[in-house]
Amino acid sequence: MATDYYAVLGVRRDAGQDEIKKAFRRLARELHPDVNPDPKTQERFKEINAAYEVLSDPQKRQVYDLGGDPLSPGGGGAGGFGAGAAGFGFSDIMDAFFGAATGQRGPRSRTRRGQDAMIRLEITLEEAAFGTTKELQVDTAVTCTTCSGEGAAPGTTAQTCDMCRGKGEVSQVTRSFLGQVMTSRPCPQCQGFGTVVPTPCPECAGDGRVRARRTLTVKIPAGVDNGTRIQLAGEGEVGPGGGPAGDLYVEIAETSHNVFQRRGDDLHCTVTIPMTAAALGTQVPLQTLDGLEEVDIRPGTQSGQSIPLHGRGITHLRGGGRGDLIVHVEVQTPTKLDPEQEDLLRRLSILRGEERPSGQFAPGQQGLFSRLKDAFNGR
């Protein structure tokens, strides 16, 4: 035995494949010509590649352990790599520098996880506030019942690819200054699966899945808002080859309400009342989410004031309780008065000493929300 390949890689004779690969990667990083251009290092680099080619291949390793040299002419397994040529896998060199993430070795599975799917669901404000249950019609990929996801026609099975012999990849040898370089690529005949389906299923055309419409029942929790997504695990598309299904996401789209505007878990609305009602006070009926209620307008209420109805808003999605319903008051000043009404108002202004009011001036012009902001800030 001319060369001790175990000594070249610095491993024991009973070393496993992981240990051999780890030793090769370590040495390849140290001795690669791009890292160390010394001619002696290049010769050493050829030696570790030859050693790895033999020890990483179970058949060549067995020949070597029995006293032969698979890389020598007539050595019992040279496999067309030439007299003493050190052929090595290009992907193994890439693994040495970039790790094993350069691609999966060997045949890939026909069975893969399905994709996630998402649909939009419109609900009303009332349904968002209290929760509801909806039935959805979903068009997704499901397992083909004719072939049970196998992709082959009934009575037939997938067969080992005769081009790659089930490996899922084919190799090509090219010559370089390092010697003969072997590169691998997915088998063009089986697309890397290692098997071929000579008679595909007529129902799914070999994909193992078909599209179908299903009806799902979805529970919408109280407190959801626009953009909330509800995950339904395993209700998405079935994967190729009858693989596990992905997830289905239901995105909530809340429709607008004709009275209430939602801000978080609070509801807001505006009630317009005449000047006399604001001055004298009154009660205004309001149809809330909980039913008909009377909103108490106290005497002297000013335009822009708000009246909170606690616990009449949206249910908190996380935790108990509900938001509030905020009623904003807008006082309407009459624009057209008949002579009797005008006379009454003039007499009232005299009684209140308001015939020629001086007015109260302040910087700028505050709108409703500006006044709300000042109220919250204690101004």
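Buried positions in helix H3, those under 20% relative accessible area with a 1.4 Å probe and protein chains only, are Thr 41, Phe 45, Ile 48, Asn 49, Ala 50, Ala 51, Tyr 52, Glu 53, Val 54 and Leu 55. The model is predicted, with pLDDT of at least 70 needed for local features and 80 or more for side-chain atom pairs, while totals for chains, interfaces and linings use all residues. Residues are numbered from 1 along each chain as its sequence is written, and side-chain values use heavy atoms, without hydrogens and water.

Helix H3 covers residues 39-55, 17 residues in total. Its first and last C-alpha atoms lie 25 Å apart, close to the expected 24 Å, a span defined as 1.5 Å times one less than the number of residues. Helices (H or I, at least four residues) and strands (E, at least two) are DSSP runs numbered from the N terminus.

The structure holds zero disulfides, a disulfide being a pair of cysteine sulfur atoms within 2.5 Å. Two cysteines illustrate this.

| Cysteine | Closest cysteine sulfur | Distance | Relative accessibility |
|---|---|---|---|
| Cys 147 | Cys 204 | 3.6 Å | 7%, buried |
| Cys 201 | Cys 204 | 3.8 Å | 2%, buried |

Both distances are too far for a bond.

Positive phi values also occur in residues other than glycine. Gln 191 has phi near 60 degrees and lies in the loop between strands E6 (179-186) and E7 (195-196); at 44% relative accessibility, Gln 191 is partly exposed (between 20% and 50%). Ala 205, also with phi near 60 degrees, sits in the loop between E7 and strand E8 (209-220). With a relative accessible area of 65%, Ala 205 is exposed (over 50%).
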